[in-house]
Amino acid sequence: MYLHLGKNTVIKTKDIVGIFDMDTSTISKNTRDYLAKAEKSGRVINVSQELPKSFVICKDTDGIKVYISQISSQTLQKRKVSLLKE
């Protein structure tokens, strides 16, 4: 199954490590540091042209990728759960 993240980007649901809310997760300095390191190493893919609301961490053949999305974490989670029920 695939999950649409926005801007014609889809990912395999089995590759998802976590779906996180941008506002609540980035309160932690550890999360901000993790995202900064991921961006510096070229592992961040921004699929949002609007204000980002969530980020999704996925495993990849090259390691970990972080997708930044304008879709809320709650909506992405609901989409993922409904896909798994089908």
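Two strands count as paired if DSSP finds at least two bridges between them. The exercises below apply this rule, among others, to a predicted model.

**Exercise 1. Pairing around strand E5**

Task: Determine which residue of E6 is the bridge partner of Val56, and establish how E5 and E6 pair.

Solution: Begin with the two elements, since strand E6 covers residues 63–69 and strand E5 covers residues 54–60. Seven bridges join E5 and E6, and the sense of the pairing is antiparallel. Within this ladder, Val56 has Tyr67 as its bridge partner in E6. The two strands form a hairpin, with two residues between them. Turning to strand E3 (residues 16–21), one finds that it runs antiparallel to E5 and is joined to E5 by five bridges. As a last step, consider burial: five of the seven residues of E5 are buried, so this strand is largely enclosed by the rest of the structure.

**Exercise 2. Order and edges of the sheet**

Task: Work out in which order the four strands of the open sheet are arranged, and which of them stand at the edges.

Solution: Add to the pairings above that of E4 with E6, which is parallel and extends over three bridges; in this pairing Asn46 stands opposite Ile68 of E6. The resulting order is E3-E5-E6-E4, an open sheet in which the pairing is mixed. E3 and strand E4 (44–46) are the edge strands, and each has a single partner strand, so one side of each is left without a neighbour in the sheet. From one strand to the next, the twist averages 20°. Helix H2, which spans residues 29–40, packs on this sheet and touches E4, E5 and E6, while its direction makes about 105° with that of E6.

**Exercise 3. The aromatic pair**

Task: Describe the geometry of the aromatic pair formed by Phe20 and Phe55, and decide for Phe55 whether it counts as buried or exposed.

Solution: The count of aromatic pairs comes to one. Phe20 and Phe55 form this pair, with 5.1 Å from centre to centre and 20° between the planes; since planes under 30 degrees apart count as stacked, the pair is stacked. Phe20 belongs to strand E3 and Phe55 to strand E5, so the pair ties together parts that are 35 residues apart in sequence. Phe20 also stands opposite Phe55 in the strand pairing. For burial, the limit is under 20% relative accessible area, and Phe55, at 2%, therefore counts as buried. Phe20, with a relative accessible area of 30%, is partly exposed.

**Exercise 4. The nonpolar cores and Thr9**

Task: Identify which residues make up the largest nonpolar core, and which residues Thr9 touches beyond those up to four places away in sequence.

Solution: The largest nonpolar core has 11 residues in all, namely Leu3, Leu5, Ile11, Ile16, Ile19, Val47, Val56, Cys58, Tyr67, Ile71 and Leu76. Strand E1 (2–6), E3 and E5 each supply at least two residues of this core. A second core, separate from it, has seven residues, among them Leu35, Ile57, Val66 and Ile68. Next take Ile11 as an example from the largest core: leaving aside neighbours within four places in sequence, Ile11 is in contact with Met1, Tyr2, Leu3, Leu5, Ile16, Val56, Cys58 and Tyr67. Thr9 lies in strand E2 (residues 9–12). Thr9 is buried, its relative accessible area being 15%. Not counting residues up to four places away in sequence, Thr9 touches Leu3, His4, Val47 and Tyr67.

Conventions: Residues are numbered from 1 along each chain as its sequence is written. This is a predicted model: local features need pLDDT of at least 70, side-chain atom pairs count only at pLDDT 80 or more; totals for chains, interfaces and linings use all residues. Side-chain values use heavy atoms; hydrogens and water are left out. Buried means under 20% relative accessible area, exposed over 50%, partly exposed in between (1.4 Å probe, protein chains only). A nonpolar core is a set of buried Ala, Val, Leu, Ile, Met, Phe, Trp, Tyr and Cys residues joined through side-chain atoms within 4.5 Å. Contact means heavy atoms within 4.5 Å. Rings of Phe, Tyr and Trp (its six-membered ring) pair if their centres lie within 6.5 Å; planes under 30 degrees apart count as stacked, over 60 as edge-to-face and the rest as tilted. Axes are lines fitted to C-alpha atoms, for helices over the stretch in contact, and angles run from 0 to 180 degrees between N-to-C directions.
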